[in-house]
Amino acid sequence: MDLGMLLEAIAYGLLSGGVYALIGVGLNLIFGVMKIINFAHGSFLMLGMYCTYWLSIFFNIDPYVSLIITIPFLFFIGIIIQKFLINPIIGYPEDNQLVLTMGVMLFLENIALFLWGPDFRTVKVSYAGTVFPLFNIRLNALRLIAFVGGLFLALILYIFLKKTDIGKAIRASSEEREGAYAVGINVKKIQLISFGIGTACAGAAGTLITPFFYISPTVGHLFLLTAFMVVVLGGMGSFFGAIFGGFIIGVMESLGAVIFPGSIGQIVPFSLFVIILLFKPKGLFMR
Amino acid sequence: MPEINMFRRVKLFIIYIVIIFCIFLGLPQLLSSYFLHVLILILYFSFLGSAWNILGGYAGQFSFGHSAFFGVGAYTSSLLYIKIGISPWIGMFIGGILAAILGGFIGYLTFRYKLRGAFFALSTFAFSEMLRIIALNWEFTGKAVGILIPLIQGGSLQHFQFLNKITYYYTILFMLLTIWLVQYSFDHFKFGYYLKAIREEEEAAGSLGINILKYKTIALIISGFFTALGGTFYAQYMFYIDPDITFGTNVTIEMIVRTMLGGAGTVFGPLIGSTIIELASEVMRSLLGEYKGLHMMFYAIILILVMIFFPNGMMGLLRGKKKEEQKGI
């Protein structure tokens, strides 16, 4: 193994990190406002992928263009799930909330299995082979677009949270739910919007990886633990924490894959995750 | 509570167990081989659910990584059997002991650093994923191909292989009875009260002088031990294991779902949850045919509805308990 390989691994790790960041930001927003751990997050990503797939099959829509449909679609699904399923159990014991989101995950996975079968599907784009040279590393265009797209959407979300009234209300509800009520924020509405946005983030991330990843009903499982790792690493509820968490997990994963044979390298981020949980459960960047 | 009342409850409970056990003892005589298979699955999942229940229900520590123990049990007995010919009956207990050690390690580590709720769930999830990846990459465990248990002509009691399903049925029934008695003892001995106290109010339990770390870890050890026995039973019933089947999230989800559906922290909860799910999915299958995913969708819907309307599971409904008080806004 030489330095070039390591550098390339780090570069690709950062590229994955951009997508992980978007997934993590969505999960984090849901956690922040609702205080629930959403096991269905990976399934939302899967729905985003299928949405992109069918749009490209039936209407020949470019995967990246399909974002303008997948984002509102997933937002809508998120709102429905929040309104009818999550909302009734807010305030219940944590175990019940975990199991309910697991139920949502099982439902979404199996409706996908029922409707579209277990086959692995892929979306081909004409520019799949394009590479961008950066110093002496060759970066795959699709991975680069996913990275830029992920960070760009996260940035838009950040500006939304900082500048708009709804965004400010979301942050207020996330920090102090009772206080938000007291100053007259409609917390129920904010919870709906936040869950919708969180879901849309996962869906958008799904769309962004579709051109270079396979699609299957259970593909979400692969990203579920990753999403949790990103969020815990950066600190539950911290926006920038999730972004950095995404990069760290991405790089760890990709270095692990280069250094260790087979898929044993995946143990690297998991071990880091357990260590962080034990010693800094509030995240690396929180005191 | 008056002493006499307690005594009557104990007696009643024993009577329940004996009645249910007798029903199950007699059932195979009435059933065809297909229903016997369904019944075995019900008992098998009740057993696994009960094993999860010891930690998740009684001690209130929500594990999302019990497949780790399941896999350790399945792999230990199978590897000992195919590599050096040790009978799976013995391998079962060696696997159980290894899983108990793993449980002690995970428990000591996570509980020592006071991981709770979702954080505990996620750390157990990470441990089970690590074991899955090891099994997937290790030549010794057969990598992704998994392990095929070689069949013996005519079956063999010594090798835990039977031609007739009835023997499997009695095996899992006996295993389930054992775990029931263990849980029953929780309801009537100090250890169980400690666990309940920890579940209800950990700080208060600690300030009363209960060694929280010790009792939570013991609960995880017992729970892991039994889960591993279930793993061996699976391997010997299906004759095939691979990393995704044993260490994957599906086993864990099955254990949690059935227990929560029936009622966590109750002896018969897992049995009720398991019966509902197994019967419902068989009925769905016969009514709607073999559509992939359909009966699981149905299963997810039941789960969601029960979580929303009966947070204490079906046992809570039977006992007429009100919903847990709703905190927050």
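Two strands pair if DSSP finds at least two bridges between them; helices (H or I, at least four residues) and strands (E, at least two) are DSSP runs, numbered from the N terminus. This is a predicted model, in which local features need pLDDT of at least 70, side-chain atom pairs count only at pLDDT 80 or more, and totals for chains, interfaces and linings use all residues. Residues are numbered from 1 along each chain as its sequence is written, with chains lettered from A and ligands numbered from 1 in the order in which they are written.

**Exercise 1.** Work out how β1(A) and β2(A) pair, and find the residue with positive phi in their hairpin.

*Solution.*
- Start with the strands: β1 (residues 131-134) and β2 (residues 137-140) of chain A are antiparallel, with four bridges.
- Next, take one bridge: A:Phe132 is partnered by A:Leu139 in β2(A).
- Then look at the turn: two residues lie between the strands, and A:Phe135 has a positive phi near 50°.

**Exercise 2.** Compare the radius of gyration of chain B with that of a compact globule.

*Solution.*
- Take the radius over C-alpha atoms and apply the globule rule, 2.2 Å times the number of residues to the power 0.38.
- For 329 residues the rule gives a value near 20 Å; chain B has 20 Å, so the two agree.
- Finish with the extents: the C-alpha trace of chain B spans about 60 × 45 × 40 Å along its principal axes.

**Exercise 3.** List the contacts of B:Ile172 beyond four places in sequence.

*Solution.*
- Apply the contact criterion, C-beta atoms, placed from the backbone, within 7 Å.
- Read off the partners of B:Ile172: B:Ile40, B:Leu43, B:Tyr44, B:Phe47 and B:Phe233.

How values were computed: Contact = placed C-beta atoms within 7 Å.
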